[in-house]
Amino acid sequence: MRAALPAIDAARLWRRTLALAEIGALPAGGVNRQALSDADIAAWRQMLQWGAEAGLEPACDLAGNLFLTLPGRDRTAAPVLAGSHLDSQPTGGKFDGAAGVMAALEAAATLAASPLPRARDLTVVAWMNEEGSRFAPGMMGSEAFAGVRSLAAIRAVRDAAGCSVADALDRLLATFPALPRRPLGPPAAAFLELHIEQGPLLEAAATQIGVVTGIQGKYTYEVEITGAEGHAGTLDMAERRDALAAFTRMAAQLYAQVGGADAIVKFTIGRLLVAPNAPSVVPARVTFRIDLRHPDAATLARLGARCEAICTEQAAQQAAPCAVAVTRLVDAPPNDFDVGLRTRIAAAAAGRGLSSMPILSAAGHDARHLATMCPTAMIFIPCRDGVSHAEHEYTSPEQLAAGTQVLSDVLAPLLATTSLEDPAP
Ligand code: HGY
Ligand code: MN
Ligand code: MN
């Protein structure tokens with residue numbers, strides 16, 4: 001008779017999630033735990049301690065991904081991975097990324113104490129720099145693992161203060177000299193990520209579990225406008241190559257033509273740098289980021305082309321035109337998650353008497369890149385008012401526990417065999 005699926009320890013899960021949120025805690029209740037920061041290093045230290053308590057084998061790779069492995073019988077079989085990210089936005093919430101790492105840790109600790117057979121390893125993973133706030137674009141750890149971006153290209157990226165990922169990554173790794181290093185990349189039999197929805201749909205539908213169908217497509221652009229400095233009091237308006245004036249014309253057209261293209265496009269200018277940023281100097285340089293998302297690949301491509309055309313057209317719209325360079329940093333098409341794993345998630349939710357619904361992810365996740373290399377799926381839990389990337393982000397202990405129990409119940413049979421196709425014995 002197959003042993004019953006073990007119950008997770010909801011109190012331990014919530015206690016640890018709040019303890020993690022103390023690392024990088026902000027006064028208004030959020031967290032600032034940016035990638036490769038002191039807070040990120042402190043979070044690694046805490047994860048290593050909790051992993052040791054559960055008997056998990058620690059390791060990392062040279063991309064700064066952290067792994068905690070629950071051994072299975074056949075150590076040569078590809079492991080099932082589960083996790084998310086520990087890094088946050090500068091004014092992030094307690095649960096974005098952290099909920100998925102803590103859920104995976106709790107599932108591993110629960111399964112470690114269970115008599116259920118494990119034919120293969122379960123590896124808890126925290127991907128390096130999902131958010132891309134300090135070092136952009138993000139998802140560096142999962143992209144390096146999946147071979148989407150080279151480690152060399154990642155190490156060359158610098159933050160606003162000029163610090164390179166290389167230096168910050170080497171500092172992280174030097175902090176844990178005895179931590180075993182594992183090769184970058186495969187094998188991975190499957191990947192599962194629990195995450196807060198970061199939107200309002202589950203809460204509006206009073207539904208406890210989201211079975212994520214896929215992630216909408218995303219383009220990120222960097223736009224650099226180059227004009228010329230000038231004296232604010234003496235240079236005639238018609239003579240000016242004013243980079244900020246060019247930006248304002250671009251922005252007006254971008255928000256109107258792209259941001260207003262339809263009811264589901266998401267268009268954001270989230271970062272704007274002006275140089276020399278002096279009140280009495282005509283701005284010579286403006287650099288800004290465009291974050292463009294849409295679930296339809298053809299529409300995303302069309303709106304991306306429109307962004308590029310608007311920037312070029314508007315740079316020239318003045319007596320003394322500016323130069324403009326538009327670089328696409330991220331080109332992530334919409335994806336579909338593994339149907340078999342989605343079926344397992346829905347069945348696990350039903351098995352616990354939890355309501356579930358299919359849902360498209362409007363936010364990006366590391367699972368996007370794992371899906372290019374192994375069967376991958378995501379479990380969403382609701383978050384209050386759909387708020388995320390803000391300090392008042394919140395999910396309840398009951399919602400986190402429900403999602404974690406589903407994660408654990410999906411993982412258990414996946415570990416019981418070395419073939420994902422076979423249903424658990
Ligand atoms: O931006 C995103 O979609 C993710 O939350 N970092
Ligand atoms: Mn996230
Ligand atoms: Mn995020």
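## Two metal sites

A donor here is an N, O or S atom within 2.8 Å of the metal, and because water is not among the atoms, a site may look incomplete. With that in mind, look at this predicted model and find the manganese ion (ligand 3). Its protein donors are D96 (OD), E131 (OE), E131 (OE) and H389 (NE2), at 2.1 to 2.5 Å from the ion. Along the chain, these donors follow the spacing D-x34-E-x257-H. D96 sits in the loop between strand 3 and helix 3, while E131 sits in the loop between strand 4 (122–127) and helix 4 (140–146), so this pair ties together parts that are 35 residues apart in sequence. Are D96 and E131 buried or exposed? Both of them are buried.

Now move to the manganese ion (ligand 2). H85 (NE2), D96 (OD) and H195 (NE2) are its protein donors, lying 2.1 to 2.3 Å from the ion. Their spacing along the chain reads H-x10-D-x98-H. H85 belongs to strand 3 (residues 80–85) and D96 to the loop between strand 3 and helix 3 (98–112), so the two residues tie together parts that are eleven residues apart in sequence. H85 is buried, as is D96. Which residue coordinates both manganese ions? It is D96, and the two ions are 3.5 Å apart.

## The chain as a whole

Let us step back from the metals. The secondary structure of the chain adds up to twelve helices and twelve strands. A compact globule of 425 residues would have a radius of gyration near 22 Å, and the chain has 23 Å, which agrees. Along the principal axes, the C-alpha atoms fill a box of roughly 85 × 45 × 40 Å.

How much of the chain is buried? Buried residues account for 56% of the 425 residues. The accessible surface is about 16600 Å², and carbon and sulfur atoms contribute 56% of that surface. If you take the contacts between residues at least 6 apart in sequence, 79% of them join residues at least 24 apart.

## An open sheet of eight strands

Try tracing the sheet next. Its eight strands follow the order 1-2-4-3-5-12-6-11, the sheet is open, and the pairing is mixed. Why do strand 1 and strand 11 each have one side without a neighbour in the sheet? Strand 1 (57–60) and strand 11 (356–361) stand at the edges with a single partner strand each, so one side of each is left free of a neighbour in the sheet. From one strand to the next, the twist averages 25°.

Helix 10 (residues 339–351) lies across strand 5 (190–196), strand 6, strand 11 and strand 12. The helix runs at about 170° to strand 6.

## Strand 12 and its partners

Strand 12 is a good place to see mixed pairing in detail. Strand 5 and strand 12 run parallel and are joined by six bridges. One residue pair to look for is I196, whose bridge partner in strand 12 is I381. Strand 6 (residues 209–215), on the other hand, pairs with strand 12 (residues 376–381) in the antiparallel sense, over two bridges. There, G210 stands opposite F380 of strand 12.

In a regular strand, side chains alternate between the two faces of the sheet. In strand 12, T376, M378 and F380 are on one side and A377, I379 and I381 on the other, and all of these are buried, so both faces are covered. Six of the six residues of this strand are buried, so strand 12 is largely enclosed by the rest of the structure.

## A closer look at I290

Finally, visit I290, which lies in strand 9 (residues 285–294). Why is I290 called buried? Its relative accessible area is 1%, and buried means under 20%.

Which residues touch I290, once its neighbours within four places in sequence are left aside? Its contacts are Y219, T220, Y221, V223, L254, F267, T268, I269 and C307. I359 makes a useful landmark too: I290 and I359 are 69 residues apart in sequence and 25 Å apart in space, C-alpha to C-alpha.

Technical notes
Residues are numbered from 1 along each chain as its sequence is written. Chains are lettered from A and ligands numbered from 1 in the order in which they are written. This is a predicted model: local features need pLDDT of at least 70, side-chain atom pairs count only at pLDDT 80 or more; totals for chains, interfaces and linings use all residues. Side-chain values use heavy atoms; hydrogens and water are left out. Two strands pair if DSSP finds at least two bridges between them. Helices (H or I, at least four residues) and strands (E, at least two) are DSSP runs, numbered from the N terminus. Axes are lines fitted to C-alpha atoms, for helices over the stretch in contact, and angles run from 0 to 180 degrees between N-to-C directions. Contact means heavy atoms within 4.5 Å. The radius of gyration is taken over C-alpha atoms; the globule rule is 2.2 Å times the number of residues to the power 0.38. Buried means under 20% relative accessible area, exposed over 50%, partly exposed in between (1.4 Å probe, protein chains only). Accessible areas come from the Shrake-Rupley method with a 1.4 Å probe; for residues, only the protein chains shown count as cover. Donors are N, O and S atoms within 2.8 Å of the metal (3.2 Å for Na, K and Ca); water is not among the atoms, so sites may look incomplete.
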